[in-house]
Amino acid sequence: MEKEPIPASTTGVRALRVGDLAPVFQARSTGGEIRLDQFRGRWLIFFSHPADFTPVCTSEFVALARAAPRFEAVGCALLGLSVDSLYSHLAWVRAIRDLFGVTVPFPIVEDPTMTIGRAYGMLDETARDSSAMRATYYIDPQGVVRALTWYPLTVGRSVEEMLRLVTALKKAASGEVMTPEGWTPGGDLLLPPTNAAEDALAPGATDSWFYRTCKDSGK
């Protein structure tokens, strides 16, 4: 059985882990006042940036804005965060629109005191800047972190992989199936392996008892 979610520390003692409850916060954003728990009931990708008007982050925001309808189609909301102020966010969103012809449709949260970054363990209490805030959290409808990734300042995140990962997490959420390497919808799925020795050693058992596949029903 799946373990109960572990309430995560908000003291900056450690970074969040898979299975932690995502800390709830309330903050201003480009979409108005935001509370994290308003996204309960659907999947959420919460991604952070160390600053506005940076080239790598700008490329990600442009790509995410263009792909937003695809995330919406799989029932996943997007929420960005940067330590810069709300007014900086608004200016950045306007610059992206004017330069690339793209409107950023998802909210961007401000975190000028880095309180949210510390609550999520992106930074510890000794951090002097926000350079480590390049994290992405995949949060399920119950508010539990199901996957997370960290990227350096110099390497952009893949929007295609973000979309693939949240789709795979949704597919495997029931525990009835698992997804193999690089899985995309329509590809074969994996069945959980049996843990019983008698099943593995039973007459007629094949050598592939630990690697059983099934078709994707599309549900």
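Which residues in H1 meet which residues in H4? In this predicted model, Glu60, Ala63, Leu64, Ala67, Arg70 and Phe71 are the residues in H1 that meet Val159, Glu160, Met162 and Leu163 in H4. By class, the residues of this contact of H1 with H4 divide into 7 nonpolar and 3 charged, with no polar residue among them. Two packed helices are described by the angle between their axes and the distance between the axes. For helix H1 (residues 55-73) and helix H4 (residues 159-172), the angle is about 35 degrees and the axes are 10 Å apart, and the crossing of H1 and H4 is right-handed.

Next comes the sheet. Strands of a sheet pair through backbone hydrogen bonds, either parallel or antiparallel. Here, 5 strands form an open sheet in the order S7-S6-S5-S8-S9, and the pairing is mixed. Because strand S7 (108-110) and S9 stand at the edges, each with a single partner strand, one side of each is left without a neighbour in the sheet. From one strand to the next, the twist averages 20 degrees.

Helices H1 and H2 pack on the sheet as set out below.

| Helix | Strands touched | Angle between directions |
|---|---|---|
| H1 (residues 55-73) | S5 (43-49), S6 (76-82) and S7 | about 170 degrees with S5 |
| H2 (residues 86-100) | S6 and S7 | about 150 degrees with S7 |

At the S9 edge of the sheet, strand S8 (residues 135-139) and strand S9 (residues 145-150) run antiparallel and are joined by 5 bridges. Tyr137 has Leu148 in S9 as its bridge partner, while Ala135 stands opposite Trp150 in S9. The hairpin of S8 and S9 has 5 residues between the strands, and within this hairpin Gly143 takes a positive phi near 85 degrees.

Gly143 also appears in the lining of the largest cavity. The count comes to 1 cavity of 30 Å³ or more, and about 70 Å³ of space lies in the largest cavity. Its lining consists of Ala22, Val24, Leu36, Asp37, Phe39, Arg40, Arg42, Leu44, Ile139, Asp140, Pro141 and Gly143, which by class gives 7 nonpolar, 1 polar and 4 charged residues. Leu44, one of these lining residues, falls in strand S5 (43-49), and Ile139, another of them, falls in strand S8 (residues 135-139).

Terms used. Residues numbered from 1 in each chain as written. Predicted model: local features only at pLDDT ≥ 70, side-chain atom pairs only at ≥ 80, totals over all residues. Heavy atoms only, no water. Axes fitted to C-alpha atoms, helices over the stretch in contact; angles between N-to-C directions. Helix = DSSP H or I, 4+ residues; strand = E, 2+ residues; numbered from the N terminus. Left-handed = near helix turned anticlockwise from the far one by under 90°. Contact = heavy atoms within 4.5 Å. Nonpolar A, V, L, I, M, F, W, Y, C, P; charged D, E, K, R; others polar. 1 Å grid on protein atoms, 1.4 Å probe; cavity = no way out; pocket = protein on both sides within 12 Å on 5 of 7 lines; lining within 4 Å. Points joined across faces, edges and corners; volume = space filled by probe spheres on them. Pairing = 2+ DSSP bridges.
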